[in-house]
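Here is a friendly walk through the model in front of you. Keep the 3D view open as you read.

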Amino acid sequence: MDYQIYFIPTPIGNLEDMTIRAINTLKEVDIIACEDTRESKKLLDYYQIKKSTTSYHKFNEQSKSEEIIKNAKNGISYGIITDQGMPGISDPGHILIKKCIEENVSYTILPGASALITALVGSGLDNDSFSYYGFIPKKQKDKKILYDKLSKEDKTSIIFDTPHNLLNTIKDFKEIFPERKLCLARELTKKFEEYLLVDIDNIDEEDITLKGEFVLVLSGKVEKESNSLDDFKEEIDEMLDNGIKTKEISKIISEKSNFPKNDIYEYILKEQKSKRS
């Protein structure tokens, strides 16, 4: 074999989405490192692959990566797989790749199934450029940081979410991104695969089947065209009343409009002068 470590994508749903190369590689390596050996057994049995397996997941990724590197240097070849999709993308694998680079251990990445690319293409939303943000965080603090990034993102964004959290996410999106479009991609490549493209402010939760993993594809921010800064007067006055500095207000309004910060700054000063006179 040409490499010591092979990162091999697995089907995101339909077991027949394995490539011929991926199957042959799993048959040739010495050991298969699995995110969940029980889950991987279904795939390996389907393709009649009988190889030694070892557990490689997020809780032992650091120590197991060191073990794999050590063995690889002694001539043992590994196939790295996760439960679904590409190793290293919101799944174990990234730490091991970095260690391969640091330790000069040969590795390669096999192409194959990817939930985020499948959902992006299926959404019909702009895909000339896009951003991937992983899973919706559980903690409110981390969630707020993500939403702040998404509010400024002008590219299509891809986010993973779980069925038990999805309704909370939709509620948040309705408050923060009501003017945008959202594609809810569910059960990808499986029998009940679904792509639901909706205007966020018109989402009806009753239309959503809360089963299977979800990939959310969110359209970029909507540029609000405005012919006059008077359109922002009420918002500016509210921020001034709340003690926000003129410089900071200029920055905030500039990010959501087509006006330069300097023009906004001068507008605010004139408004304040007019009120005093």
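## Ground rules

Two strands are called paired if DSSP finds at least two bridges between them. Helices (H or I, at least four residues) and strands (E, at least two) are DSSP runs, numbered from the N terminus.

This is a predicted model, in which local features need pLDDT of at least 70 and side-chain atom pairs count only at pLDDT 80 or more, while totals for chains, interfaces and linings use all residues. Residues are numbered from 1 along each chain as its sequence is written, and side-chain values use heavy atoms, with hydrogens and water left out.

## The chain as a whole

The chain contains ten helices and ten strands. Its radius of gyration is 24 Å, well over the 19 Å that the globule rule gives for 277 residues, so the chain is more spread out than a compact globule. That radius is taken over C-alpha atoms, and the globule rule is 2.2 Å times the number of residues to the power 0.38. Along the principal axes, the C-alpha atoms fill a box of roughly 85 × 45 × 30 Å.

## The parallel sheet

One open sheet has five strands in the order β3-β2-β4-β1-β5, with parallel pairing. Its edges are β3 (52–55) and β5 (107–109); each has a single partner strand, so one side of each is left without a neighbour in the sheet. From one strand to the next, the twist averages 20°. For this and other angles, axes are lines fitted to C-alpha atoms (for helices, over the stretch in contact), and angles run from 0 to 180 degrees between N-to-C directions.

To find one of the pairings, look at β2 (residues 31–34), which runs parallel to β3 and is joined to it by four bridges. There, Ile-31 stands opposite Ser-52 of β3.

## The mixed sheet and its helices

Another open sheet of five strands follows the order β6-β7-β10-β8-β9, and its pairing is mixed. Here β6 (130–135) and β9 (194–199) are the edge strands, each with a single partner strand, so one side of each is left without a neighbour in the sheet. The twist averages 20° from one strand to the next. β6 pairs with β7 (residues 156–161) in the parallel sense over four bridges, and Ser-131 has Ser-157 of β7 as its bridge partner.

Helix α6 (residues 140–152) packs on this sheet, where it touches β6, β7 and β10 (214–218); contact means heavy atoms within 4.5 Å. The direction of α6 makes about 165° with that of β6. Helix α7 (residues 163–176) lies across β7, β8 (181–186) and β10, and runs at about 15° to β10.

## The largest pocket

Which residues lie nearest the centre of the largest pocket? They are Ser-90, Asp-91, Phe-135, Phe-160 and Glu-213, out of 33 lining residues. On a 1 Å grid over the protein atoms alone, a pocket is an open set of points with protein on both sides within 12 Å along at least five of seven lines, and lining residues have an atom within 4 Å of a point.

About 1,000 Å³ of space lies in this pocket. Volume here is the space filled by probe spheres set on the points, with grid points joined across faces, edges and corners. α5 (115–123), β7, α7 and β10 each supply at least two lining residues.

Methods
On a 1 Å grid over the protein atoms alone, a cavity is a set of points where a 1.4 Å probe fits but cannot get out, and a pocket is an open set with protein on both sides within 12 Å along at least five of seven lines; lining residues have an atom within 4 Å of a point.
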